[in-house]
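Reader: I should like a close look at a single residue in this model and at the setting in which it lies. Please begin with the residue itself and then widen the view.

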Amino acid sequence: MNDILSTQLFSVYALVLIAEALKTLFLGTATSVSRLGPMQFLNQEDADWLGGEAVSADHPTPARLMRAHRNSLENLLPFFIVSSLYVLSNANALAGIIYFITFFVARLMHTYAYLSKKPMLRRNTYSFAWLATILTGVHATFVIASRAFF
Amino acid sequence: MNDILSTQLFSVYALVLIAEALKTLFLGTATSVSRLGPMQFLNQEDADWLGGEAVSADHPTPARLMRAHRNSLENLLPFFIVSSLYVLSNANALAGIIYFITFFVARLMHTYAYLSKKPMLRRNTYSFAWLATILTGVHATFVIASRAFF
Amino acid sequence: MNDILSTQLFSVYALVLIAEALKTLFLGTATSVSRLGPMQFLNQEDADWLGGEAVSADHPTPARLMRAHRNSLENLLPFFIVSSLYVLSNANALAGIIYFITFFVARLMHTYAYLSKKPMLRRNTYSFAWLATILTGVHATFVIASRAFF
């Protein structure tokens, strides 16, 4: 394991995941903060506290941030799982670094595309990160399964 | 750690998690793709781009897929945490394999039950996976706590 | 790695994460169960099965539980990532224990504040857990980056 922790693959893995985790956290915070513009809140007690209105559906700005946030979470969890197991499976380092950096760049651009309303860029960056996740998972599966069964 | 990585428990853990992660990823993709049927989108720019309608609530088909997807994510994260710590805590391998395979089979059947609208099967498979998650967590807690404090 | 697994930091990390994971799991379950009060369900088949009504938006009680649940998941995933990498990066144990226990206490109180409709306590406990997550991530980034590049 100490071998794994001192590789370049582990450094890329760790830094990509921390950056994505913090970006996702900030998107959640931005959703809450953006409710202070329209002063519309999902919780009655917040409306009472801050002198706004309680609504059952968000204003478009927090609703968009929330969708971008949710999309980040939905894609980060599968990637976190497959990339962790990729690193632990001791699979090829260069391929891993390519998958992880592809995921990272694509997900950063996806957030930009979501917030700036560029649907084609959003679809393309989503697809690149999606493909990187699947390749990471399938590659790790082959390495782990071949070691377990053969 | 190299001992842990070469166990049967680790192989089962890794393969179950990768499969569940990819299934969850595909459910998210299916939600997006299913919006192309009714041509109703949550983002105005998607409606403009693809020539559909922007709506604030999804059509029933993507809404159902999204609920199945959300349910997968909600249950996958706790299971990922407790199963990882179970493997790291070096707890009993046979019990772990039983918990993990129970979770996996139940969650696959849960997705089937959600998408084919079978509420009793959905409740039962949800409950089996839920119980497997709790058993994994409680078992790992006992092993880790007894080693830490006694 | 066996060194890491036998530290006090690892025990705190493991127990905090298991407790938060199970709390999050129970919040999801409570959301479903609370739909049996108003007998309103998001799935038509559940309404048919249990003799209730199918609605597109939840009754306030399950809606509030679902928001508390979603907030737990949204904050648990980034924390899980940064705390795992913090432990693996072999960063300072005392700082880690302080971050992790701060996160844990703040998140437990956040759930209480959400369910008991106390918005200021909710905002403050959210902020403490948020800060603990960011400190954990930034601290781990410095340790990993300094080892990787210098």
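Author: In this predicted model, Leu5(A) is found in helix α1 of chain A, which covers residues 2-5. The relative accessibility of Leu5(A) is 8%. Since buried means under 20% relative accessible area, Leu5(A) counts as buried.

The contacts of Leu5(A) indicate what lies around the residue. With its neighbours within four places in sequence left aside, Leu5(A) is in contact with Phe10(A). The other partners are Ile4(C), Leu88(C) and Arg147(C), which belong to chain C. Within chain A, the C-alpha atoms of Leu5(A) and Leu88(A) are separated by 9.7 Å, although their positions lie 83 residues apart along the chain as a sequence separation.

One of the partners, Leu88(C), leads to helix α4 of chain C, which spans residues 60-88. This helix has 29 residues and reaches 42 Å from its first C-alpha to its last, close to the 42 Å expected at 1.5 Å a residue. Of the 29 residues of α4(C), 26 are buried, so the helix is largely enclosed by the rest of the structure. Just after α4(C), Asn90(C) takes a positive phi of about 65 degrees.

Chain B can be described in similar terms. Its helix α4, residues 60-88, has 29 residues and an end-to-end reach of 42 Å between its first and last C-alpha, again close to the expected 42 Å. The helix α4(B) is mostly covered, with 26 of its 29 residues buried. Asn90(B), just after α4(B), has a positive phi of about 60 degrees.

The wider setting of Leu5(A) is chain A itself. Chain A has six helices and two strands, and along the sequence they follow the pattern α-α-β-α-β-α-α-α. The radius of gyration of chain A is 19 Å, well over the 15 Å that the globule rule gives for 150 residues, so the chain is more spread out than a compact globule. Along its principal axes, the C-alpha trace of chain A spans about 65 × 35 × 25 Å.

Buried residues make up 57% of the 150 residues in chain A, and Leu5(A) counts as buried. Among contacts in chain A with a separation of 6 or more, 68% are between residues 24 or more positions apart. The accessible surface of chain A comes to about 6,300 Å², and 66% of that area belongs to carbon and sulfur atoms. As for charge, the mean positions of the 11 positive and 8 negative charges of chain A are 15 Å apart.

Notes:
Residues are numbered from 1 along each chain as its sequence is written. Chains are lettered from A and ligands numbered from 1 in the order in which they are written. This is a predicted model: local features need pLDDT of at least 70, side-chain atom pairs count only at pLDDT 80 or more; totals for chains, interfaces and linings use all residues. Side-chain values use heavy atoms; hydrogens and water are left out. Helices (H or I, at least four residues) and strands (E, at least two) are DSSP runs, numbered from the N terminus. The radius of gyration is taken over C-alpha atoms; the globule rule is 2.2 Å times the number of residues to the power 0.38. Buried means under 20% relative accessible area, exposed over 50%, partly exposed in between (1.4 Å probe, protein chains only). Contact means heavy atoms within 4.5 Å. Accessible areas come from the Shrake-Rupley method with a 1.4 Å probe; for residues, only the protein chains shown count as cover. Lys and Arg count as positive and Asp and Glu as negative; His and the chain ends are not counted. The place of a charge is taken as NZ of Lys, CZ of Arg, CG of Asp or CD of Glu. The expected span of a helix is 1.5 Å times one less than its number of residues.
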